[in-house]
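Please read the following report alongside the sequence and the model. The text begins with one helix and its surroundings, and then turns to single residues, the cysteines and the chain as a whole.

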Amino acid sequence: MELRQMKYFLALAEELNFGRAAARLHMAQPPLTRQIRAIEEEVGTALFVRTPKGVELTDAGRALLDEVPNVLHLARRAGERALLAGKGFAGQLDVGIFGSAILDLIPRILDRFHRARPGVKISLHSMTKAEQLQALRERRITIGFNRLVPEEADLAVEIVMREPMMVGLNENHPLCAFDEVTVRDLEDVPLIVYPNIPMHGLAEEVAKAFWSEGVRMNVAQQVEDVLTCVALVAGGFGSCVTTASATRLRIPGITYRPLRSAVLPDVELACLYRRDDTSPILAEFLRVVRDLSPPAAAGGKA
């Protein structure tokens, strides 16, 4: 039985009169009579009996009436949800994130998007750069955020913001007396660094700055995340070179100073997504990203 036929049946079951039901359906009575007869033939039993005043439901008709409104409600609900999803108001957004990226701009982007699209479920996935690239290609995430993302033919990369570099120091470190710290000031200073993973990243950029200025880099510890790094600095295990967003981690015992370096003045944060993704949810999310990105981030890779 088609949804259209269910609407015919429901109108007659509620009006119990062919004339009133036909008027309600904006159709002539003979076509409605033929449709009801076709439904009864498909079901295999009579659904109505004629009376002097119109019709009455049979037991089979009453049984069908118990189900038809629910079916029509579910059909309407499915259509409404499909429409919302088609316009980007419903569905799911899977976002790949990492470390310090979640400390500044990204929470504001997520908040703005959630308020504009509360029907979209947002799921965050902590991933390395390589994991984000793979997850995008496998369609396990819709968009990712990371730094120093390589050019990829199938992926678009847009710079969201550029962050100045900072030096994290234990509050008792002599360099706290300086308004800013140079790479030369950090010669032989024990440093907490991020691991030298296969893909080019911030650790390599920091090492390149030391190498280009002829400064010895003293690696005391390698850690996986910014929180561990900052905690170790606060505990007196060394200093660190990190991004400005890390300064939002207000852990007692650590002080931040700007890093002055011609080689490493700042570092980019980018969003990455599949070029062929035409999802309206992604389109709306990118609109929010672009609205909130600082003007200095414009002109990034694509």
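In this predicted model, helix α7 covers residues 202-212, and its buried residues are L202, A203, E204, E205, V206, A209 and F210. An α-helix has 3.6 residues a turn, so residues three or four places apart point the same way. Among the buried positions of α7 are V206 and A209 as well as V206 and F210, pairs to which that spacing can be applied by eye. The buried residues of α7 pack against four strands, namely β6 (155-170), β8, β10 (240-243) and β12 (266-274). Just after the helix, G214 takes a positive phi of about 65°.

Positive phi values also occur at two residues that are not glycine, L16 and D188. Most residues other than glycine have a negative phi, and most peptide bonds are trans. The table sets out where these two residues lie, together with their phi and their relative accessible area.

| Residue | Phi | Loop | Relative accessible area |
|---|---|---|---|
| L16 | about 55° | between α1 (3-15) and α2 (18-25) | 33%, partly exposed |
| D188 | near 65° | between β7 (181-182) and β8 (190-193) | 39%, partly exposed |

D188 therefore counts as partly exposed, at 39% relative accessibility, and the loop that holds D188 leads into β8, which is one of the strands that the buried residues of α7 pack against.

A further loop residue, T58, sits between β2 (54-57) and α4 (59-86). Is T58 buried or exposed? Its relative accessibility is 15%, and because buried means under 20%, T58 counts as buried. When its neighbours within four places in sequence are set aside, T58 is in contact with A46, L47, F48 and V49. By contrast, the C-alpha atoms of T58 and L282, which are 224 residues apart along the chain, are separated by 52 Å.

The cysteines can be taken next. Why does C240 form no disulfide with C229? The sulfur of C229 is the closest cysteine sulfur to that of C240, yet the two are 3.8 Å apart, which is too far for a bond, given that a disulfide requires sulfur atoms within 2.5 Å. The structure as a whole holds zero disulfides. C240 counts as buried at 1% relative accessibility, and C271 likewise counts as buried, at 0%. C240 falls at the start of the range given for β10 (240-243), whereas C271 falls inside that given for β12 (266-274).

On the scale of the whole chain, the model contains nine helices and 12 strands. The radius of gyration is 32 Å, well over the 19 Å that the globule rule gives for 302 residues, so the chain is more spread out than a compact globule. Along its principal axes, the C-alpha trace spans about 105 × 40 × 30 Å. Of the 302 residues, 46% count as buried, and among contacts between residues at least 6 apart in sequence, 74% join residues at least 24 apart.

The accessible surface of the chain comes to about 15,600 Å², and carbon and sulfur atoms account for 54% of that area. As for charge, the chain has 36 positive and 38 negative side chains, and the centres of the two sets lie 7 Å apart.

Definitions and conventions: Residues are numbered from 1 along each chain as its sequence is written. This is a predicted model: local features need pLDDT of at least 70, side-chain atom pairs count only at pLDDT 80 or more; totals for chains, interfaces and linings use all residues. Side-chain values use heavy atoms; hydrogens and water are left out. Helices (H or I, at least four residues) and strands (E, at least two) are DSSP runs, numbered from the N terminus. The radius of gyration is taken over C-alpha atoms; the globule rule is 2.2 Å times the number of residues to the power 0.38. Buried means under 20% relative accessible area, exposed over 50%, partly exposed in between (1.4 Å probe, protein chains only). Contact means heavy atoms within 4.5 Å. Accessible areas come from the Shrake-Rupley method with a 1.4 Å probe; for residues, only the protein chains shown count as cover. Lys and Arg count as positive and Asp and Glu as negative; His and the chain ends are not counted. The place of a charge is taken as NZ of Lys, CZ of Arg, CG of Asp or CD of Glu.
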